[in-house]
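Please open the structure in a viewer and keep the sequence panel visible. The tour below proceeds selection by selection.

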Amino acid sequence: MTDSKGSDGSGSSDDIPSAGTSNTEDAADKAEQVSSELYDLIGIKGKASETGPGVSECGDKDPEKYFTIFHPWSFTPASADQLDGVMERLKTELPKHGWKVVDFGPDTSQNKNLNLTADNDEKKYSVKIVQMMKRDPPKLSLTVVSGCYQVPDGEKVYRF
């Protein structure tokens, strides 16, 4: 669930769990709710970016009937030193709220940004959090991605 591509990069929908039936607007509202819960779990003062969710195809399934929701946003702390230890705390706190941490550690970039990926099987969402300490100002970059939704019979996927 961590991205829309299968583990072999083919874009296979086999790796994307079903999130049930929903129209795109309700699914986008749920993505914002999941992001809001994650914001609360960050647990430090700061500001979230104002980006809204978007609609994407669901692997190789019919794009008229199936979709995923993605919600990229960032969190900038009130002061940079507040980010110290946040990722380790999230690694501990997320499982207490239904999330399973599936990846944790530095990425291969020059900055060795700390990455955390977690799945929530109950909510059918995944989140990837990247701690960008070398940015000015330092921040967390989050991408929330849903499982694969199917629109109700007679409706089409509305893209935004």
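**Strand β4 and its partners**

Begin by selecting G54, which stands opposite F70 in β4. Helices (H or I, at least four residues) and strands (E, at least two) are DSSP runs, numbered from the N terminus. The model is predicted, so local features need pLDDT of at least 70 and side-chain atom pairs count only at pLDDT 80 or more, while totals for chains, interfaces and linings use all residues. Residues are numbered from 1 along each chain as its sequence is written, and side-chain values use heavy atoms, with hydrogens and water left out.

Extend the selection to strand β3 (residues 54-56), which pairs with β4 in the antiparallel sense over three bridges. Two strands are said to pair if DSSP finds at least two bridges between them. Next, select strand β2 (residues 46-48): three bridges join β2 to β4, and the two run antiparallel. Here G46 has P77 of β4 as its bridge partner.

Add strand β8 (residues 139-146), which is antiparallel to β4 and pairs with it over six bridges. To locate this pairing, display S74, which stands opposite S141 in β8. Then add β9, which pairs with β4 in the antiparallel sense over two bridges.

How enclosed is β4 by the rest of the structure? Nine of its twelve residues are buried, so β4 is largely enclosed. Buried means under 20% relative accessible area, exposed over 50%, and partly exposed in between (1.4 Å probe, protein chains only).

**Aromatic rings**

Now show the side chains of Phe, Tyr and Trp. Their rings (for Trp, the six-membered ring) pair if their centres lie within 6.5 Å; planes under 30 degrees apart count as stacked, over 60 as edge-to-face and the rest as tilted. By this rule there are four aromatic pairs.

Select Y39 and F75, an edge-to-face pair with 5.6 Å from centre to centre and 70° between the planes. This pair links distant parts of the chain, since Y39 belongs to helix α1 (residues 24-42) and F75 to strand β4 (residues 66-77), 36 residues apart. Y39 is partly exposed, at 29% relative accessible area, whereas F75 is buried, at 0%.

Move to F67 and Y149, whose ring centres are 5.3 Å apart with the planes at 20°, so this pair is stacked. F67 lies in strand β4 and Y149 in strand β9 (residues 148-150), so the pair ties together parts that are 82 residues apart in sequence. Both F67 and Y149 are buried. Y149 is also the bridge partner of F67 in β9.

Return to Y39 and F75 and add W73: Y39, W73 and F75 form one aromatic cluster.

Then select K61 and Y66. K61 lies over the face of Y66, at 4.8 Å from the ring centre. The criterion is that NZ of Lys or CZ of Arg is within 6 Å of the ring centre and within 35 degrees of the ring normal.

**The disulfide**

For the last stop, select the cysteines C58 and C148, which form a disulfide with their sulfur atoms 2.0 Å apart. This pair links distant parts of the chain: C58 is in the loop between β3 and β4, and C148 is in strand β9, 90 residues apart. A disulfide is taken as a pair of cysteine sulfur atoms within 2.5 Å, and the structure holds one. C58 is buried, at 0% relative accessibility; C148 is buried too, with a relative accessible area of 4%.
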